[in-house]
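Trainee: I should like to learn how the strands and helices of a model are read. Where should one begin?

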Amino acid sequence: MATKKSEYSESSIRVLKGLEPVKQRPGMYTRTENPLHIIQEVIDNASDEALGGYGKNIIVTMNADGSVSVEDDGRGIPVGLHPEEKVPTVEIVFTRLHAGGKFDKGSGGAYAFSGGLHGVGVSVTNALASKLEITVWRKDEKGNGVHQLTFADGNVISKLKSRAAGKEDKKSGTRVTVWPNPKYFDSAVIPLPDLLRLLRFKAVLLPGVKVTYHHAKSGDTQVWEYAQGL
């Protein structure tokens, strides 16, 4: 039986742009047994803020709708226009591979140390999430502000919106809520024992930082805080 020969020509070479490489080959960027690792990337960002001395609290919430929220009280991801790309910097962080404050290794860089694994971080989380919402509390020349941005399948569906912070709003920090897309994972269920172990490890490695886990549906709450760390 004759077999059709595959053609290998100039048109065979595909150039994937934006987050398409992650969607086409997620296993090259993250573990695909379950979504824990893409949540860990968000937790790593909050941990790096604490490691730099800019935050004292990390709160991870398993929401009733299956999403996961990670909130910190760090400096808040910059939201102003990027000087080169001319789009909100927070949007670049979540939509461009190899973009982030951890690549600035010169003196005065945003991070002296980082716990990130691949250098692609939360852009992979965004690519493999059916929805992702960000809230940033950050002070600028106009004062304290609250900034919100929403993605779906890695694309902006609600552009950055900003308002002045009210009395009830926190002064600084970031909250990222992720709805992992089940089609990219063998199982859509995040293994709770592994998540709890990860959070405890983070608390041990970050002396004086309070790490809180909360399950919205069951009401279960666990807190880890080690004043002396290891």
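Mentor: Begin with pairing: two strands pair if DSSP finds at least two bridges between them. The model shown here is predicted. In it, strand S1 (residues 57-62) and strand S2 (residues 68-72) pair over 5 bridges, in the antiparallel sense. Within this pair, Ile59 stands opposite Glu71 in S2.

Trainee: In what order do the strands of the open sheet stand?

Mentor: The open sheet has 8 strands with mixed pairing, in the order S5-S4-S3-S6-S2-S1-S7-S8. Strand S5 (155-164) and strand S8 (221-224) stand at the edges; each has a single partner strand, so one side of each lacks a neighbour in the sheet. On average, neighbouring strands are turned by 10° against each other, direction ignored.

Trainee: Which strands does helix H2 touch, and which does H5 touch?

Mentor: For packing, contact means heavy atoms within 4.5 Å. Helix H2 (residues 36-51) packs on the sheet and touches S1, S2 and strand S6 (173-180). The direction of H2 makes about 10° with that of S2. H5 also packs on the sheet, touching S1, strand S7 (210-215) and S8; the direction of H5 makes about 160° with that of S7.

Trainee: Is Leu205 buried or exposed?

Mentor: A residue counts as exposed at over 50% relative accessible area. Leu205, which is found in helix H5 (residues 192-205), has a relative accessible area of 54% and is therefore exposed.

Trainee: Which residues form a nonpolar patch on the surface?

Mentor: Leu205 forms this patch with Phe201 and Leu230. Together, the three have about 390 Å² of accessible area.

How values were computed:
Residues are numbered from 1 along each chain as its sequence is written. This is a predicted model: local features need pLDDT of at least 70, side-chain atom pairs count only at pLDDT 80 or more; totals for chains, interfaces and linings use all residues. Side-chain values use heavy atoms; hydrogens and water are left out. Patches are made of residues with over 30% relative accessible area and no salt bridge: like charges are joined within 9 Å, nonpolar side chains (Val, Leu, Ile, Met, Phe, Trp, Tyr) within 5 Å. Accessible areas come from the Shrake-Rupley method with a 1.4 Å probe; for residues, only the protein chains shown count as cover. A salt bridge is a side-chain nitrogen of Lys or Arg within 4 Å of a carboxyl oxygen of Asp or Glu. Helices (H or I, at least four residues) and strands (E, at least two) are DSSP runs, numbered from the N terminus. Buried means under 20% relative accessible area, exposed over 50%, partly exposed in between (1.4 Å probe, protein chains only). Axes are lines fitted to C-alpha atoms, for helices over the stretch in contact, and angles run from 0 to 180 degrees between N-to-C directions.
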